[in-house]
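Work through the exercises below with the coordinates open, and follow each solution step by step.

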Amino acid sequence: MARQFFVGGNFKMNGSVDTIKSIIENLNNAKLDSKTEVVIAPPALYLLLAREHLRSGLEIAAQNVFDKPNGAFTGEISVSQLKESGVTWTLLGHSERRVVLKETDAFVASKTKAALDGGLSVILCCGESLEEREAGKTIEVVTAQLKAVADQVKDWSKIVIAYEPIWAIGTGKVATTQQAQDVHAAIREWLSKEVSAEASEKTRIIYGGSVSEKNCSELAKEKDIDGFLVGGASLKPAFVDIINANSA
Ligand code: PEP
C-alpha cells in the first residue's frame with residue numbers, strides 16, 4: 001500500500017492574528033491535492049484561532065507538548081489540553097528545541113510517548129549538524145535520536161518522521177535529492193531492524209530543510225521521501241505549490 005503524502009507547515013515563532021488568518025484563508029480557498037495530508041503548526045497562542053478558521057480535513061499541530069498530564073509546570077501545555085482544543089498533532093524534537101533549548105533525546109522520547117499515549121499523532125524530527133555530517137556521523141546521529149523513542153514506543157503507526165538536516169534549516173541550503181533519499185532509505189532500514197517490517201513499510205518519512213516551490217517536485221519523486229516539513233515557505237502563498245508537489 002502506498003504511503004499517503006504528508007506536508008506539514010511549521011510557522012515557528014512567527015505570525016500575528018492577522019497574518020495567521022490570512023495564511024489560513026489562502027489554504028481554505030486553494031485547490032489542494034486531496035490525496036495529501038496537510039497539517040499546520042502555528043505558535044501555541046494561535047492554535048485555537050487556527051482550528052476555528054481552518055477548513056475541516058486540514059489538521060493543526062502544536063510545536064511542542066509536555067510529558068506530564070497537569071500540574072505545576074509553568075509555561076507548558078498538556079496533551080489533553082491540546083486534544084480538547086481540536087489539535088490532533090504535535091511536532092517534537094525539532095532541532096531548534098534540541099539545540100537552543102537543550103532538549104535531550106530522552107526528553108524528546110518521553111514527550112513522544114506521552115503524546116501518543118494521550119491520542120495525539122507526532123511529527124518526530126531528527127537530523128544532524130554540519131560537523132556531524134562532515135565527520136560521517138549522519139546515520140549514527142539520526143538513528144540514536146530515533147532509538148531513544150524506540151526504547152519507549154513500540155507502536156509507530158501515529159508517528160511521521162521528519163528528517164531535517166540542521167545545516168539545511170532556514171539556510172536556503174537544501175540537501176540534494178540524493179543526500180535526502182540516502183538518509184530516508186537508511187531510516188527505513190533502521191525501522192525494519194529496530195521496530196518492525198510493518199513500521200518500515202508504512203511510516204511516512206518526510207524531508208525538511210529549505211523546501212520551496214522550486215525544489216519540492218524533484219524531492220517528491222524520490223522513493224523514500226513521503227512529503228515535507230516546511231518552515232519559512234509555509235508562511236507564503238507558495239506553500240500551496242509544495243502541498244501539491246506530489247501531483248505536479
Ligand atoms: C523547519 O522549521 O522545520 C524547517 C524545515 O524550516 P525551513 O523550511 O525554513 O528550512
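**Exercise 1.** Determine which residue of E5 is the bridge partner of tryptophan 89, and then place E4 among its neighbouring strands.

*Solution.* In this predicted model, the bridge partner of tryptophan 89 in E5 is serine 121. Widening the view from this residue pair to the strands, E4 and strand E5 (residues 121–126) run parallel and are paired over four bridges. Turning next to strand E3 (residues 59–62), one finds that two bridges join E3 to E4, again in the parallel sense, and that tryptophan 89 is the E4 bridge partner of alanine 61. Finally, E3 and E4 form, together with helix H3 (residues 79–84), a β-α-β unit that is right-handed.

**Exercise 2.** Work out which way the side chains of E4 (residues 89–92) point, and decide whether they are buried or exposed.

*Solution.* Begin with the general expectation that side chains in a regular strand alternate between the two faces of the sheet. In E4, Trp89 and Leu91 point one way, while Thr90 and Leu92 point the other way. The accessibility step then shows that all of these residues are buried.

**Exercise 3.** Classify aspartate 33 as buried or exposed, and list its polar partners.

*Solution.* Aspartate 33 lies in the loop that links H1 to strand E2 (37–41). Its relative accessibility is 10%, and because buried means under 20%, aspartate 33 counts as buried. Leaving out residues up to four places away in sequence, aspartate 33 touches Ile243, Asn244, Asn246 and Ser247. With the side chain of serine 247, the aspartate 33 side chain makes a polar contact at 3.1 Å, and a polar atom of that aspartate side chain also lies 2.8 Å from the backbone nitrogen of lysine 35.

**Exercise 4.** Apply the same classification to methionine 13, and find what it contacts beyond its sequence neighbours.

*Solution.* Methionine 13 belongs to the loop between strand E1 (6–10) and helix H1 (17–29). Its relative accessible area is 80%, so that methionine 13, being over 50%, is exposed. Beyond neighbours within four places in sequence, methionine 13 is in contact with Pro43 and Gln63; proline 43 is 30 residues away in sequence, yet the C-alpha atoms are 5.8 Å apart.

**Exercise 5.** Describe the surroundings of the ligand, and state how much of its area the protein covers.

*Solution.* The ligand is surrounded by 14 residues, the closest being Lys12, Glu164, Gly170, Ser210 and Gly231. Ligand oxygen atoms lie 2.6 Å from a polar backbone atom of glycine 170, 2.9 Å from a side-chain N or O atom of histidine 94, and 2.8 Å from a polar backbone atom of serine 210. Of the 290 Å² of accessible area that the ligand has on its own, the protein covers 95%.

Conventions: Residues are numbered from 1 along each chain as its sequence is written. This is a predicted model: local features need pLDDT of at least 70, side-chain atom pairs count only at pLDDT 80 or more; totals for chains, interfaces and linings use all residues. Side-chain values use heavy atoms; hydrogens and water are left out. Buried means under 20% relative accessible area, exposed over 50%, partly exposed in between (1.4 Å probe, protein chains only). Two strands pair if DSSP finds at least two bridges between them. A crossover is right-handed if, with the strands pointing away from the viewer, the path from the first strand over the helix to the second runs clockwise. Contact means heavy atoms within 4.5 Å. A residue is near a molecule or strand if one of its heavy atoms lies within 4 Å of it. A polar contact is a pair of N or O atoms within 3.5 Å; within protein, one must be able to donate a hydrogen and the other to accept it, and residues adjacent in sequence count only if both atoms are side-chain atoms. Accessible areas come from the Shrake-Rupley method with a 1.4 Å probe; for residues, only the protein chains shown count as cover.
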